[in-house]
Amino acid sequence: MEVQHARIKNGWFTEVSDAHFPGQGFSLRVEKVLHHSQSAFQDILVFKSTDFGNVLVLDGIVQCTERDEFAYQEMITHIPIYAHKNPKKVLVIGGGDGGVIREVVKHSCVESATLVEIDKTVIELSQRYLPEMSCSISDPKVNLQFCDGFQFLRNIGSSDLDAKYDVIITDSSDPDGPAEAFFQKEYFQLLNNALREDGIVIMQASENVWLNINYLGELIQTAKSVFSNTGYCYTTVPSYTSGQLGLIVCSNEKDLRLDVAHRLPTSEEQQKMKYYNPKIHHASFILPTWADRILNTRQA
Ligand code: SAM
């Protein structure tokens, strides 16, 4: 019997959320449901769409599609890595589809990359259904940990400098499921503790200027209350509701320009990228006037 899902009706999958984007929905036409299960942490759906390739959905929210995933994975990875002057040690929290790790290992200067994913099933399904995203999970630089990212950070002692990171990327799902704690002040404090002095963190904000700009503003204020240097940028991803996703970038180097690539991609690195380049790195921090007023003129 064909596997079905509550979010699929008349051959269309629809993402809706009264809490986060009331009055709108985003739909993709389904060719075939490939997998549906409830893991210990979340509802997992993988389907083949007619036009966006295979799609991973967690708790009813699209995580990635084969057609546009690079727009997200490249920006959330390369912005902090090129803004950092000498990144060697990278931590990725979440990221079970493997797309961010695939981008991290493109950097020859990065010596080690730790991936902390709570749900083994997401990795197994990505290896089966999203092979182009998960292709670097077994790279020798990658250290895979199956545990809660919040707990992982809690275990890093404040004086243990060797355990700290140059770049930390939070590639989590949205705040309604197992990633809820990532959108609270304590999480930013744990990130701060796990970061080397000149380190940079980036997280997906789960929001953007078209969805809940007030919530987004509050999240940026929370980041500003912990880090002395915080920026907001965004990437365009058609399969995320309203077509874009916000990224919050923080550091404790007050004068570091987060909107600038301080190292330029080598031609070999640039060849491997489809979305990121130093110009879009800078441009992604420039906001439309009304959003800039709301997000960038408030003080912590
Ligand atoms: N690109 C995606 C987006 O923004 O929608 C995120 C992709 S990735 C699939 C998100 C991953 O975060 C999921 O695999 C999920 O299992 C993982 N995750 C959620 N909560 C977590 C936690 N507390 N610790 C570690 N990983 C977590």
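How many nonpolar, polar and charged residues does the shell around the ligand have?

## Composition of the shell

In this predicted model, the shell comprises 12 nonpolar, nine polar and five charged residues. Of the 26 residues around the ligand, those that come nearest are Q42, Y72, E117, D148 and G149.

## Polar contacts

Three side chains place polar atoms close enough to the ligand to count as polar contacts, for which the limit is 3.5 Å. In E117, a polar side-chain atom lies 2.5 Å from a ligand oxygen atom. The side chain of Q42 also faces an oxygen atom of the ligand, with an N or O atom at 2.9 Å. For D148, the partner is a nitrogen atom of the ligand, which lies 2.9 Å from a polar side-chain atom of this residue.

The protein buries 99% of the 600 Å² that the ligand exposes when taken alone.

## Location in the fold

The largest cavity is where the ligand sits. Two elements, β6 (61-65) and β8 (112-117), give two or more residues to the shell around the ligand.

At the level of domains, the ligand lies between domain 1 (8-65) and domain 2 (69-296), because both give residues to the shell.

How values were computed: Residues numbered from 1 in each chain as written. Predicted model: local features only at pLDDT ≥ 70, side-chain atom pairs only at ≥ 80, totals over all residues. Heavy atoms only, no water. Near = heavy atom within 4 Å. Polar contact = N/O pair within 3.5 Å; in protein donor to acceptor, adjacent residues only side chain to side chain. Areas by Shrake-Rupley, 256 points an atom, 1.4 Å probe, with all protein chains shown as cover. 1 Å grid on protein atoms, 1.4 Å probe; cavity = no way out; pocket = protein on both sides within 12 Å on 5 of 7 lines; lining within 4 Å. Sits in = over half its atoms within 2 Å of the grid points. Helix = DSSP H or I, 4+ residues; strand = E, 2+ residues; numbered from the N terminus. Nonpolar A, V, L, I, M, F, W, Y, C, P; charged D, E, K, R; others polar. Domains from an automatic or database assignment.
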